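Welcome! Please take a moment with the sequence and the 3D view below, and then read on for a short tour of a pocket and some helix pairs.

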Amino acid sequence: MIDIQHVSKTFITGKNKVEALKDVSLKVNKGEIFGVIGYSGAGKSTLIRCVNLLEHPTSGKVLVDGTDILKLNRAGLRKLRRKIGMIFQGYNLLETANVYDNVAIPLKLEGVPKKEIKARADKYLRIVGLTDRSKAYPSQLSGGQKQRVAIARALAHEPEVLLSDEATSALDPTTTDSILELLLKVNRELGITIFLITHELNVIQRICDRVAVMEQGRIVEAGTVVDVFTQPKKQLTRQFVRNESNFKIPDEIYKDLLKTGELVSLTFLGESAKDPALATLARKFEVLPSIIAGGIDQLKDQSIGNLLVHLKGETGQIHDAVAYLKAQNIIVEKVTG
Ligand SMILES: Nc1ncnc2c1ncn2[C@@H]1O[C@H](COP(=O)(O)OP(=O)(O)OP(=O)(O)O)[C@@H](O)[C@H]1O
Ligand SMILES: [Mg+2]
């Protein structure tokens with residue numbers, strides 16, 4: 001659907017040269033939700049803006065549905081933009097128009113027939129749950145409601161792809177969740193491909209199928225959300241995911257535990273979550289496991305269990321016990337502090 005090939009983008013302002021994107025390649029498949037995560041300044045917005053040519057790559061290619069968008073003429077570009085909707089952190093609503101008109105006016109400008117405008121505005125305001133607020137003005141809406149209007153406005157053009165630049169970053173956690181639910185619904189029920197960028201891991205975790213991690217203009221790691229979550233390879237990704245330190249154990253307690261045995265972080269996925277592995281461990285080996293902390297992360301299609309476990313016993317026995325856990329398809333990582 002979206003095929004970004006070796007894209008670089010350099011901004012030159014006066015004597016300053018910023019390489020915002022350095023040889024970035026990624027593919028977003030039709031029907032999936034693909035997320036790019038990275039800290040501020042990583043180049044995320046620049047990347048997503050290259051997909052609808054709000055930004056022109058300095059080099060490289062961007063294909064949308066097989067079309068090289070850098071070769072499009074004006075009419076082609078207009079057609080492309082109709083295919084691609086976009087939502088932003090700042091909503092970009094018309095303050096002087098009510099909710100209905102915020103959706104309807106852009107359709108009118110595009111020359112959509114009057115009857116069709118009404119049908120679409122009604123349909124998409126219903127989908128985002130704002131039918132009863134259609135006469136309200138943006139100043140009378142909460143942030144979450146404003147983002148819903150922006151989503152309805154984007155959907156009303158019946159795009160194939162929705163680009164989202166930090167759409168939930170200005171919202172509180174509960175409102176963020178409700179907007180993420182809405183994006184999932186848009187993806188599943190309308191079949192719209194979503195390409196989003198964010199600095200919030202929660203967004204990736206809740207709705208994305210695949211993820212790329214960006215740092216200083218480069219993609220440093222990419223894969224399915226499950227893989228990247230359970231086995232982050234790069235330091236930056238670990239910083240985002242940070243399995244064991246999610247538990248926030250005080251330093252003194254860590255030190256004490258490490259004096260009396262080993263600490264391991266266990267990650268359970270799907271089938272491996274069903275077996276009583278720790279009970280078996282105590283019976284099979286001369287190792288005493290104690291659970292220090294635990295939690296479950298809900299991903300889009302499955303959940304991941306995490307346990308921080310203290311293992312007490314002789315080194316050889318612990319070694320065998322860890323091998324046993326790994327053989328049960330549990331991801332085991334030694335925690336050193
Ligand atoms: N129009 C521009 N002119 C000059 N430099 C720019 C321009 N747009 C972006 N940059 C620079 O490119 C780099 C990447 O910016 P970008 O906005 O893509 O980052 P980001 O990952 O979206 O960050 P944030 O999370 O803060 O939105 C930054 O160093 C930024 O200052
Ligand atoms: Mg940005």
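## The largest pocket

In this predicted model, the largest pocket has a lining of 19 residues. Those nearest its centre are Arg81, Ile84, Gly85, Met86 and His157. The volume of this pocket is about 630 Å³.

Which elements give two or more residues to the lining? They are helix H2 (74–83), strand S6 (84–88), helix H3 and helix H5 (143–155). H2 provides the largest share, with five residues. Sorted by class, the lining of the largest pocket holds nine nonpolar, four polar and six charged residues.

## H3 beside H5

Two of the helices that help to line the pocket, H3 and H5, also pack against each other, with their axes 9 Å apart and an angle of about 25 degrees between them. Angles under 35 degrees count as roughly parallel, so that is the description that fits H3 and H5. H3 passes H5 in a right-handed crossing.

To find this contact in the 3D view, look for Val99, Asn102, Val103 and Pro106 on the H3 side. Their partners on H5 are Val149, Ala152 and Arg153. The contact of H3 with H5 has five nonpolar residues, one polar and one charged.

## H3 beside H4

How are H3 and H4 oriented to each other? Helix H3 (residues 99–109) packs with helix H4 (residues 114–127) at an angle of about 135 degrees, and the two helices are therefore oblique to each other. Their axes lie 9 Å apart. Here, too, the crossing is right-handed.

From H3, the residues that meet H4 are Val99, Tyr100, Val103, Ala104, Leu107 and Lys108. On the H4 side you will find Ile117, Lys118, Arg120, Ala121, Asp122 and Leu125. By class, this contact of H3 with H4 has eight nonpolar and four charged residues, and no polar ones.

Val99 and Val103 are worth picking out in the view: they are among the H3 residues that meet H4, and they also take part in the contact with H5.

## H11 beside H12

Further along the chain, helix H11 (residues 277–284) and helix H12 (residues 315–327) form another pair. Their axes come within 11 Å and cross at roughly 145 degrees. The crossing of H11 and H12 is right-handed.

Which residues make the contact? H11 brings Ala277, Thr280, Leu281 and Lys284, while H12 brings Ala321, Tyr324 and Leu325. The contact of H11 with H12 counts five nonpolar residues, one polar and one charged.

Methods: Residues numbered from 1 in each chain as written. Chains lettered and ligands numbered in written order. Predicted model: local features only at pLDDT ≥ 70, side-chain atom pairs only at ≥ 80, totals over all residues. Heavy atoms only, no water. Axes fitted to C-alpha atoms, helices over the stretch in contact; angles between N-to-C directions. Helix = DSSP H or I, 4+ residues; strand = E, 2+ residues; numbered from the N terminus. Parallel < 35°, antiparallel > 145°, perpendicular 65-115°, else oblique. Left-handed = near helix turned anticlockwise from the far one by under 90°. Contact = heavy atoms within 4.5 Å. Nonpolar A, V, L, I, M, F, W, Y, C, P; charged D, E, K, R; others polar. 1 Å grid on protein atoms, 1.4 Å probe; cavity = no way out; pocket = protein on both sides within 12 Å on 5 of 7 lines; lining within 4 Å. Points joined across faces, edges and corners; volume = space filled by probe spheres on them.
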